[in-house]
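Trainee: Please show me the model, and I will ask how each label is earned.

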Amino acid sequence: MTPQQIFEKLKEQFGDRVLELTENVDPFIRVSADAIAEIGRFLRDDEAMRFESLMCLSGVDYPEHLSLVYHLFSSTHRHKITLKAELGRENPRLPTVEGVWRVANWHERETYDMFGVVFEGHSDLRRILCPDDWEGWPLRKDYQVQEYYRGIRVEV
């Protein structure tokens with residue numbers, strides 16, 4: 001399926017929770033953050049789609065919002081698509097897709113650890129790269145490196 005066909009099918013199924021298709025070198029579909037798990041399950045289970053692989057889930061910090069980017073691939077149909085969901089900078093939350101793609105467990109933990117995004121319903125949402133008592137979200141543009149960690153000066 002082409003990105004346009006995928007977009008049209010999602011729009012038909014989810015209405016205004018599917019926001020727009022941007023076609024460029026790597027086409028993406030912007031969706032409502034609160035619908036990401038439901039849309040993901042549909043993309044995985046629909047016979048014409050069969051996106052059984054979450055290749056990557058990443059966070060991106062823009063000045064006005066955080067964005068979550070989901071790269072999906074169908075081995076069955078040999079097509080791919082990217083979904084994007086935007087979140088506010090204060091208290092960013094959206095549903096986990098761990099129940100749709102098991103690998104999301106690790107991807108979501110990394111995104112939580114680096115950006116502070118809370119994935120509601122996640123089975124084990126805790127830091128994966130930084131120590132449990134680390135302060136802040138290191139990949140946010142407004143991140144301030146703490147001066148000391150456990151009595152050791154943190155060099156920038």
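Mentor: An open sheet of 5 strands has the order β1-β2-β5-β4-β3, with mixed pairing. The model is predicted: local features need pLDDT of at least 70, side-chain atom pairs count only at pLDDT 80 or more, and totals for chains, interfaces and linings use all residues. Residues are numbered from 1 along each chain as its sequence is written, and side-chain values use heavy atoms, leaving out hydrogens and water.

Trainee: What makes β1 and β3 the edge strands?

Mentor: Each of them pairs on one side only.

Trainee: How do you know that β4 and β5 pair?

Mentor: Two strands pair if DSSP finds at least two bridges between them. Strand β4 (residues 66–74) and strand β5 (residues 79–87) have 9 bridges, so they count as an antiparallel pair. One of the facing pairs is Leu-68 with Ala-85 in β5.

Trainee: What joins β1 to β2?

Mentor: There are 4 bridges between β1 (residues 18–22) and β2 (residues 28–31), so this antiparallel couple also qualifies. Thr-22 stands opposite Phe-28, and the two strands form a hairpin with 5 residues between them.

Trainee: Why is the link from Arg-44 to Val-100 called a polar contact?

Mentor: The term needs a pair of N or O atoms within 3.5 Å, one able to donate a hydrogen and the other to accept it; residues adjacent in sequence count only if both atoms are side-chain atoms. The side chain of Arg-44 reaches the backbone oxygen of Val-100 at 2.9 Å, so the pair falls within the cut-off.
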